[in-house]
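Here are a few exercises to work through with the model open in your viewer. Try each one yourself before you read the solution.

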Amino acid sequence: MKFFEKLMSIDRRVIFLFVGVALIVPLFLDIEQTIEITPEVQTLYDAFMELPPGSKVLMAFDYDPPSAPELQPQAITGLRLCFDRNLKVIIIGLWPMGPMQANLALETVFSEENYFDKEPIYGVDYVNLGYSPGNELVIQRMGSSIPATFPRDFRGTSIEEIPLMRGIVNFSNFDYVFNLSAGYPGTVEWVQFAVDRFHARMGAANTAVQAPLVYPYIGTGQLTGLSGGMKGAAEFEKLTGFIGKGTKFMLSQSFAHMIVVFFIIIGNLAYFVTRGREEKKTG
Amino acid sequence: MKAFSYSFTFYCLLGLILLATTDGLAQVESSDSLLSPLLPPSEVIAEDHPGDAGAAIIVRWKLSPDEDRGVTGYEIVRSTSPTGEFSSIGFAAAGSNRYVDANTEDSLTYYYKVLAIDVDKNVSESELSPPARSSPQWFNFHLLNLLIIGGLICGAVIYFIAHAKKGKKLFLRKIAGLEAVDEAIGRATEMGRPILFIPGILDMDDVQTIAAITILGRVAKTIAQYDTKLNVPTSRSIVMSTAMETVKEAYISAGRADAYSDDFVHYVTDEQFGYVAAVNGIMVRERPATCFYIGAFFAESLIMAETGNAIGAIQIAGTAMPAQLPFFVAACDYTLIGEELFAASAYLSGEPKQLGSLKGQDVGKIIAMSAIVIGALLETFFAISGSSFFGSLAELVHKLFSIVAS
Amino acid sequence: MRRQIPVVITFIVGSVLIISVFIPHKPFGQLGENFSVYFDIIAVFAFILGAGNLLRVHGNRIYKKHKDWPYSVVTVAGFTVMMIAGLFKIGGSPGITGDLTEPGSMFEDLYMYVFTPLMATMFALLAFYVASASHRAFRAKNKEATVLLLAAFVILLGRTPFGVELTSWLPDPLSFLEIPNLASWIMSVPNMAGQRAIMVGIALGVIAMALRVILGVERTYLGADSE
Amino acid sequence: MDSVFSHTIAAILTIGIISFLYKDNPLYKFCESLFIGVSAGYWFVQQYYANLLPKLFDNLGITKLVGAENAPEGALQALFLEGRLDDNLLYLIAGVLGVMMLLRLSPKIGWIARWPLAFTVGSSAGLYFITYFQSNAMSQLEHTILPLNSFNNLVLIVGTVTGIIYFYFSKEHKGVFGGAAKVGIYFLMITFGASFGYTVMSRMSLLIGRIDFLFGTWLGLVK
């Protein structure tokens, strides 16, 4: 059985090619996927929908470019949902590159065709306060005074001059906190400090690796909702109706997963066929 | 991170139970919450937080009798004078009866009040707490158990080191990955190809890197005898300096000072993936016959091990990063799993006192296993019989191992 | 002497740090934190040695016209340009305390368009390597490997839509056999047991290793005696 | 920078790294060399701004001394202006240790570089001793002490204990003990399989990001 022996020692580059194709092709396909909505994402969406117009949402961008494929679509969906519902958005970051990711997300939102009631204005409808070093201590400081923690926005404007920031003292002035997290500091710290200590209402989007670590907080109600990984991104997009990259990427990811499973099966099949001939021994 | 999430799950469960109880009760009785005004929490006590460096006061109170009727939480306010202005310092969830104010000055006296808040944002204020002052302590009694168990294990390690120094024979089983080291070096010599040693990507302030350097010392000594080329790219400067010294020493003690070159060890870059790019390049160009990946690794583990696999090198890995172990196990010929990494340098040295410390480690394992088994049995007896005797014994075992966070 | 003093330093620093955990009072309480700051500072100085080594290695290659010498020019140039762009904040606001990664500065541009794509792509190679490693390593070669394969396969399937549908027909009493449920059981029970054994082992290994170092039994890292 | 130009550079570098999958080639060598140089330069700058400046110069007051605006007062100001010994003066020790590290370059007194090294190794041995002991040993054990009243608890306890037996050094893996160690190996294998399977999936998304950059941001083929 030459064929199976070949399969046993298949050139890794063939596998690489399959993985590449599996990831690329779906980006050009328009396949209807059945995306089932999980309860965690539904409650996340509901939490946004329950906020009356004009409510203030704190968005914390705690990730950097390598995690962007999973989190950027969720950030974009979150921002569009807020602007669509006339919610005010205050952006901060505990990761140095976070606020930059926020700016990229805003750029994407504004570059697409939107049907917002009115064009969001910087400083009135949204603001980016930038990055502050200190990890979870930043959250703690925000609990006592946000103006002291973020005296300026990322452009260097004093927040006294920003209309949206007027009257914002601590977490009691926010109606919702939405955290996009790829690790530490991230959702765990936000729950410990903003939710447990300062009673904020909060939902989160996480990378697939992170999501299981924060899953327990949903059961306890510390998180109102959670959207995890590419699948969460796709669900969130489906709920809001803003179909974006999350849905597209989800398809790519499913294809790639199937390729991996396929190669494992092939590898074992080949192994058993060739070994079975040699020694008639299977385990 | 892992440890953290476990304990967190535990607290979440606890929270869930509390929430469920309070929630259930709230539903039953919330209808009459409008009838009477919200009652405040009572018996507010404030005292120095024990076992710390000062600057913290712990506030305790008796829950509001209306806890079951829609109290959503408590706000803690403080002032430096009983009649002065009180300012908010934080919140505690419904059902909790303590709060640590970790922002006090030891020279000042503080007064506290606790405010119950309900769903309708009604607020009801407690009586004033007695005055409190924070102060630092010289011993943290919360960690007494750590001292006891740590002392036991350290004692065992030191005892066996001393014991072995006297020349007593100690039996230690073989570790496959370490048995293979000589063979792997020999193979490289036969093939006339270099040996690559990757000491992880963390700096000397990580204990895995220290283990890696000590193993490098032993391995280099063998390599010196074989007269094979060694290549040690490092991703940290201090690791580079240390590795140079260590390899040099190994060559000198093997009597091959002449064969040593400063070029064996070189710095590449601190950047994780830049370092991997360079290591990949070295692998495909120099085609080492043997690759060691010993130390702390992250996502790069698989990139290196797969490239090493592609060039057909014998690969020996060792790390205490639980998340990377599976990749090494899958792609390398031998993997030193966690503890074996730290034991490796002692094994390879063959010195009795080093080996003695491994016996001490085993005593630690016996303590760990007995604690689990005895504790579990006591818990089981307690669960079956409900006898408070077993209950308190089980609690004692638990306490012995619990780390109290402030 | 030269070898004794370092051993004494290690002993004092190590044992004081261990003891200090039990003493919250100043100055012991903060020692651990302070020492890690000290380490960061020492590392900066050491970095001069590292960078010097990098330049020496590549300088030598250029000088000796090693076969890949033009690439060494690229390395040296990349290092120099990045360093100058950062230290002098070219295109950004000058002064010691200005923001380093100011939008529009040369350092930021290099970070965004050179450093980030290289880093992210190198990281992304993992997608290929996990596939080839799974193909090769996940084979039922023996009992251990079979157990590994089965655990991995259940988890893998549990995360694909296909795997979820594979067992969704199971009746309620058997719902624990549904692949997603099986996957989460593996993660939270046997996986956790294995993790705990590994972690306890690591802790004991670290303790013994640290004691060997602190007591001066292990001093390989100190290097050569004669100089 | 012009975005088409900068994206093209980023795209070439992306392709260069990916090309290594096929085989080593000049473009990869170029990217690799550039990556090493640029990242070492990046860390050099970061070391300066994130460590040396705030941790040594600010604490000692050197930043203020050289006339930087809004720099904090440091130990030197406290000493010379107020005649007070500030805690931050201790950072001078770190500075001295750092300089000692550099003396390695001198053949005569190079041995003094072992002092900062001994300090480093001693402090990490001390620190890790405690942190691993607390979070890896103690709290893991505490959470494993469970009543044997459910199948899951039983599996958890058997798995942990047999896993620890596998690591036991002082006894050959034979007989009953060997059997227990064997069970332990199975548990370790499940652990490795599970975490591998778990990570495989999350790694795929990394590549999607790069592909999207190439076909979307750069070429504009994917919307």
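**Exercise 1.** Find which residues C:L126 touches, not counting residues up to four places away in sequence.

*Solution.* Keep in mind that this is a predicted model. Start at C:L126 and look towards chain B: you'll pick up B:A299, B:L302 and B:I303. Then turn to chain D, where C:L126 touches D:R203 and D:L206. Next, ask where this residue sits: C:L126 is among the residues with the most contacts inside the largest nonpolar core, along with B:V247, C:V206 and C:A210. That core has 339 residues, and the largest share of it, 21 residues, comes from α4(C). Finally, look for a core that lies apart from it: there's another one of 23 residues, including B:L38, B:I89, B:Y99 and B:Y112.

**Exercise 2.** Describe the side of chain C that touches chain D: which elements give two or more residues to it?

*Solution.* Begin with the counts: 103 residues of chain C are in contact with 99 residues of chain D. Now go through the helices of chain C. Those giving two or more residues to this side are α1 (4–20), α2 (31–63), α3 (69–87), α4 (106–137), α5 (143–158), α7 (179–188) and α8 (190–214). The largest share comes from α8(C), with 20 residues. As for chemistry, sort the residues on this side of chain C and you get 79 nonpolar, 16 polar and eight charged.

**Exercise 3.** Zoom in on α5(C) and α8(D). At what angle do their axes cross, and is the crossing left-handed or right-handed?

*Solution.* Take the axes to begin with: α5(C) and α8(D), which covers residues 175–218 of chain D, come within 7 Å and cross at roughly 35 degrees. The crossing is right-handed. Then list who makes the contact. On α5(C), the residues include C:V147, C:L148, C:A151 and C:I155; on α8(D), they include D:Y186, D:M189, D:G193 and D:G197. Sorted by type, the residues of this contact are 19 nonpolar, two polar and one charged.

**Exercise 4.** How many residues of chain B are in contact with chain D, and which element gives the most to chain B's side?

*Solution.* Count both sides: 56 residues of chain B meet 49 residues of chain D. α10(B) gives the most to chain B's side, with 15 residues. The split for the chain B side is 33 nonpolar, 12 polar and 11 charged.

**Exercise 5.** Is B:G350 buried or exposed?

*Solution.* Locate it in chain B: B:G350 is in the loop between α9 (339–349) and α10 (352–385). Count its neighbours: 9 other C-beta atoms lie within 10 Å of B:G350. A residue with 12 or fewer is exposed, so B:G350 is exposed. For a link across the sequence, try B:R218, which is 132 residues away from B:G350 in sequence but 10.0 Å away in space, C-alpha to C-alpha.

**Exercise 6.** Sketch chain A: what are its domains, and how many helices and strands does it have?

*Solution.* Split the chain into domain 1 (2–28 + 252–279) and domain 2 (39–243). Their centres are 41 Å apart, taken over C-alpha atoms. Next, tally the secondary structure of chain A: 12 helices and six strands. For its extent, the C-alpha trace of chain A spans about 80 × 40 × 35 Å along its principal axes. Last, check burial: 52% of the 283 residues in chain A are buried.

Technical notes:
Residues numbered from 1 in each chain as written. Chains lettered and ligands numbered in written order. Predicted model: local features only at pLDDT ≥ 70, side-chain atom pairs only at ≥ 80, totals over all residues. Domains from an automatic or database assignment. Helix = DSSP H or I, 4+ residues; strand = E, 2+ residues; numbered from the N terminus. Buried ≥ 20, exposed ≤ 12 C-beta atoms within 10 Å, placed from the backbone. Contact = placed C-beta atoms within 7 Å. Nonpolar A, V, L, I, M, F, W, Y, C, P; charged D, E, K, R; others polar. Axes fitted to C-alpha atoms, helices over the stretch in contact; angles between N-to-C directions. Left-handed = near helix turned anticlockwise from the far one by under 90°. Core = buried A, V, L, I, M, F, W, Y, C linked by C-beta atoms within 7 Å.
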